[in-house]
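User: Could you walk me through how the labels for this structure are reached?

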Amino acid sequence: MAELAIIGGTGLTSLKNLQIERREVMHTPYGEPSGPLVHGLLCGKQVVFLPRHGTAHTIPPHEVNYRANLWALQHIGITKVIAVAAVGGVTSAMKPTALVIPDQIIDYTWSRQHTFFQGDLSHVTHIDFTEPYCADLREVLIAAGKAAGIDVINGATYGATQGPRLETAAEITRMERDGCDIVGMTGMPEAALARELELCYAACAVCANWGAGRGEGEISMDEIERNLKVGMDRVRGLLEQVIPMID
Ligand code: HPA
């Protein structure tokens, strides 16, 4: 049975080398996940793949049913989740195509369904979120990067914005002042929901562009797609290295 799931982001709607065995359609108390859970073998290991934005990349970041996605994964016995996500670079090291394993989060999202702990509760629960990502899984991702000779930046603060629009230059400046290194639209509430379900969750972010006002001129979808193609090929290499290292 698979214990590891990979949530794919923009630019990673499928895993080329995944030998697909079956697709599982799930219905959850929170609604429908982004698509069927794709079960298969990657590097000889059982894994589950779920494209966050849907199989045809039609679900925008603010409409992803994060609760259904994570609940479905946990329900089938997944204990570890690697979340792949496209981001913009805020600080100078976060250049387009760079791979980053963030270690902190600042949440700027609003109005999303962000918790399982609501409604008819027997007691009020506050999860600890001091370290929002699973330290063990982060370490394996970083070690895998070293072993595969793939440059991976160890540590960054992920600023999660509401989207779907990109930020203004002033917003990026404010985010840098706040301590953000990268900016993306899907990091939250995904990470917090994973913690509520006690899943070991880490992210691999791919810099698709400079954040607004940090590069030259406007941010184009062409530029994002070009950089993601390069970055996601490196993510595939990293995943193939990482899978055998996970017990
Ligand atoms: N901002 C927010 N999310 C993103 C960006 C960005 O610049 N690039 C890719 N995802």
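Analyst: Happy to! Helices (H or I, at least four residues) and strands (E, at least two) are DSSP runs, numbered from the N terminus. This is a predicted model, in which local features need pLDDT of at least 70, side-chain atom pairs count only at pLDDT 80 or more, and totals for chains, interfaces and linings use all residues. Residues are numbered from 1 along each chain as its sequence is written, and side-chain values use heavy atoms, with hydrogens and water left out.

User: What makes the link of Cys134 and Cys200 a disulfide?

Analyst: A disulfide here is a pair of cysteine sulfur atoms within 2.5 Å. The sulfur atoms of Cys134 and Cys200 are 2.2 Å apart, so the pair qualifies. Cys134 lies in the loop between strand E7 (104-107) and helix H2 (135-148), and Cys200 lies in strand E11 (residues 200-210), 66 residues away. The search of the whole structure finds 1 disulfide.

User: Why is Cys207 not bonded to Cys204?

Analyst: The sulfur of Cys204 is the closest cysteine sulfur to that of Cys207, but at 9.9 Å the distance is too far for a bond.

User: Which of the labels buried, partly exposed and exposed fits Cys134, Cys207 and Cys43?

Analyst: Buried means under 20% relative accessible area, exposed over 50%, and partly exposed in between (1.4 Å probe, protein chains only). Cys134, at 14%, is therefore buried. Cys207, at 0%, is buried too. Cys43, at 40%, falls in between and counts as partly exposed.

User: How do you know that the span of helix H5 agrees with its number of residues?

Analyst: The expected span is 1.5 Å times one less than the number of residues. For the 25 residues of H5 (residues 221-245) that gives 36 Å, and the end C-alpha atoms are 35 Å apart, which agrees.

User: What makes a space a cavity, and how many are there of 30 Å³ or more?

Analyst: On a 1 Å grid over the protein atoms alone, a cavity is a set of points where a 1.4 Å probe fits but cannot get out, and lining residues have an atom within 4 Å of a point. Grid points are joined across faces, edges and corners, and a volume is the space filled by probe spheres set on the points. The count comes to 2 cavities of 30 Å³ or more. The largest has a volume of about 60 Å³.

User: Which element gives the most to the lining of the largest cavity?

Analyst: That is E11, with 3 residues. For the second largest cavity, H5 has the largest share of the lining, 3 residues.

Terms used. 1 Å grid on protein atoms, 1.4 Å probe; cavity = no way out; pocket = protein on both sides within 12 Å on 5 of 7 lines; lining within 4 Å.
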